[in-house]
Structure formats: C-alpha cells, structure tokens
Amino acid sequence: MTLPDLTILIGPYTRLSRAINATIRAGRGPLRSVGVAAFPTRIASPSARALALDEAPADVRRATFQTKLGAEGPFLLAALNFLGAPSRSLHKRDLFPHMASVCLGLAKSWDTSLRLVLAVEPLDLFFASVGSDALAKRVRATPWEALYEVSWADLAGDIAAAIPQAELCVITPETALCRSEQLARTVFGSASEAIDPKAWQDAHLSEEGKAAVAQLADTSPTEGMMLELGEALGNTPTAEEIEMRFGIDRLTQTLLRQRFEEDLARIAD
C-alpha cells in the first residue's frame with residue numbers, strides 16, 4: 001500500500017494513539033530506511049500546527065515544514081496535540097474548541113495527498129488516558145447531559161467538512177485488539193514491515209490479558225474472542241476509579257459507552 005504524501009495521526013491522547021506514537025518514536029530509523037519520514041509527537045505536533053496556523057503564505061508554510069523536518073516525504077506525523085492540548089479540551093460542549101481553525105489552516109497549506117487518522121475511545125476512558133488534573137477538574141464541573149452531547153461522530157464530521165480533500169481514518173481500541181496488523185498496513189503502508197504493532201494490542205490489556213493473549217497465540221482467536229478478552233482483562237480504570245476522579249457516576253458511564261457505539265455506527269455510515 002502506497003502512503004499519501006502526508007499522514008497525520010491527529011490524536012487525541014488515547015491509549016492507541018499513545019502506543020502508535022511510541023512505535024514511531026522507537027522506530028524512526030527503520031522507517032526512514034524504508035523511505036518514510038516518521039516523527040513522534042514531540043516534533044510532529046509543533047510542526048503540524050505550524051503548517052496549519054503560521055501566518056506565512058501557504059506555500060511558504062509548506063516549504064518551511066519540509067525544510068524543518070529535513071525530508072521530502074512521505075511524512076508520517078504522530079501529532080497528538082494537533083487539535084489542541086488535551087488538558088485544555090472540553091469547553092462547554094466542544095471537545096476541541098479550536099479544531100476548525102487548525103483544520104482549515106491545514107487545508108490551505110497542503111494541496112497534495114493527505115490522510116488524517118483520528119483515534120477515539122469512550123469519553124470517560126479518553127479522560128483517563130489523558131491523565132490531566134486540569135481536565136479532570138473541568139470534567140467534574142461539567143453536567144452529565146453536557147458530557148453526553150460530546151460526540152466523536154460530530155468531531156469526525158466537522159474535520160471532514162473542514163478538510164474535504166483529506167482521507168479520514170478513524171481507529172478504535174477494538175481495531176488494535178482485533179486487527180492490529182491490518183491497522184499497521186493502513187497507517188504505515190508497505191513500511192508496516194518495519195514495525196511491530198503488537199504493542200498497540202498490549203496497550204489495551206492488563207498483565208493478565210497479555211498473558212492470556214500469549215496463550216492463544218497458536219489458536220487464531222476470533223475477533224469475538226479478542227473483544228471478550230479485552231472486556232474481561234482490559235486495562236481500563238474501574239467504575240469506582242472513574243467516578244472518584246472525574247465525578248462520572250456509573251449510569252453516566254454506561255450512557256457514554258452507549259453513545260460511543262452510536263458514534264461509531266454514524267462514523268461507519
């Protein structure tokens with residue numbers, strides 16, 4: 001599979017996006033050897049946001065971007081802060097209130113093939129993945145009905161509308177658990193041979209879950225089996241831990257998980 005000229009993992013900070021970022025951070029050399037200029041979020045986030053938001057003309061922004069990264073592409077950026085710092089997210093009913101400006105800016109400055117990769121997970125688990133005290137405080141002050149109105153599907157639709165020339169790929173914990181190799185080929189193209197996506201699966205499992213997967217390695221478990229294993233032996237916080245940190249009670253957690261499934265169905269449509 002041939003990569004587009006620019007692929008940006010636009011975040012946000014989910015377990016899967018962090019795992020892919022770690023893969024890129026550790027595998028920059030091997031990826032470069034097969035012709036892909038890959039950069040972790042420490043470099044990628046400020047570079048991608050400058051490409052989108054700098055005040056210079058669009059052609060100058062693109063030239064500066066390529067010069068700074070020292071390559072011609074294809075580029076693969078794990079820009080987990082592209083939509084905004086996660087500690088500053090969740091303003092009223094907008095998860096990333098400055099999304100439109102950064103996406104419209106990118107649309108103006110990049111005129112060749114472009115893929116955006118959006119990593120999503122249930123909202124309460126996203127809050128836990130971010131690990132920000134500032135965000136936790138904001139969540140606790142947000143009414144449950146406002147949390148319920150936050151929609152990944154709306155975000156994906158707004159991104160697609162702002163950058164209509166881009167391919168938008170939405171990835172989930174289930175993608176990592178059940179189809180990590182397929183996901184690697186989608187995101188990394190033929191360069192996926194230079195990386196090991198097993199860590200993306202591990203990022204969603206407890207130590208017991210990893211051991212269980214290892215025992216199943218020679219049995220070709222079905223997707224249903226992997227989903228059940230992830231449900232039983234995943235590494236998500238308990239309902240009590242989520243309520244204690246974020247003030248999200250059990251009923252609201254259930255509603256947010258249901259809303260997530262509805263969002264995925266809308267995105268698939």
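## A guided tour, beginning at Leu51

Select Leu51 first and show what surrounds it: leaving aside its neighbours within four places in sequence, Leu51 is in contact (heavy atoms within 4.5 Å) with Leu6, Arg61, Arg62, Phe65, Gly105, Leu106, Ser109 and Trp110. The model on screen is a predicted one, in which local features need pLDDT of at least 70 and side-chain atom pairs count only at pLDDT 80 or more, while totals for chains, interfaces and linings use all residues. Residues are numbered from 1 along each chain as its sequence is written, and side-chain values use heavy atoms, with hydrogens and water left out.

Leu51 belongs to helix H2, residues 41-53; helices here are DSSP runs of H or I with at least four residues, strands are runs of E with at least two, and both are numbered from the N terminus. With a relative accessibility of 1%, Leu51 counts as buried, where buried means under 20% relative accessible area, exposed over 50%, and partly exposed in between, using a 1.4 Å probe and protein chains only. If you draw a distance from Leu51 to Arg115, the C-alpha atoms are 15 Å apart in space, and the two residues are 64 apart in sequence.

Move next to Ser109, which lies in helix H4 and is also among the contacts of Leu51. Is Ser109 buried or exposed? Ser109 is buried, its relative accessible area being 3%, and, not counting residues up to four places away in sequence, Ser109 touches Leu51, Ala52, Ala58, Arg61 and Arg62.

Now colour the nonpolar core, a set of buried Ala, Val, Leu, Ile, Met, Phe, Trp, Tyr and Cys residues joined through side-chain atoms within 4.5 Å. The largest such core has 77 residues, and those with the most contacts inside it are Phe82, Leu83, Leu106, Phe127 and Trp200. Apart from this core lies another, of 7 residues, including Cys178, Leu205, Val213 and Leu229. Selecting Leu83 and leaving aside its neighbours within four places in sequence, you will find it in contact with Ile10, Arg49, Phe96, Met99, Val102, Cys103, Leu118, Leu155 and Ile159.

Leu155 and Ile159 lead to helix H8 (residues 152-162), whose buried residues are Trp152, Ala153, Leu155, Ala156, Ile159 and Ala162. What covers these buried residues includes helix H4 (99-109), strand S4 (114-119), helix H5 (123-130), strand S5 (167-171) and helix H14 (250-268). At the start of H8, look for Ser151, a side-chain oxygen of which comes to within 3.2 Å of the backbone nitrogen of Ala153.

For a pair of helices, show H1 (residues 15-33) together with H9 (residues 173-188), which pack at an angle of about 35° with their axes 13 Å apart; the axes are lines fitted to C-alpha atoms over the stretch in contact, and angles run from 0 to 180 degrees between N-to-C directions. On the H1 side, Arg15, Leu16, Ile20, Thr23, Ile24 and Leu31 meet Pro173, Ala176, Leu183 and Phe188 of H9. Also in H9 is Thr175, which counts as buried at 12% relative accessibility and which, leaving aside its neighbours within four places in sequence, is in contact with Ser180 and Leu183.

Two loops end the tour. In the loop between strand S1 (6-9) and H1 you will find Pro12, joined to Gly11 by a cis peptide bond with an omega of about -5°. In the loop between helix H11 (207-215) and helix H12 (223-233) sits Ser220, which has a positive phi of about 50° although it is not a glycine, and which is exposed, with a relative accessible area of 62%.

Conventions: A polar contact is a pair of N or O atoms within 3.5 Å; within protein, one must be able to donate a hydrogen and the other to accept it, and residues adjacent in sequence count only if both atoms are side-chain atoms.
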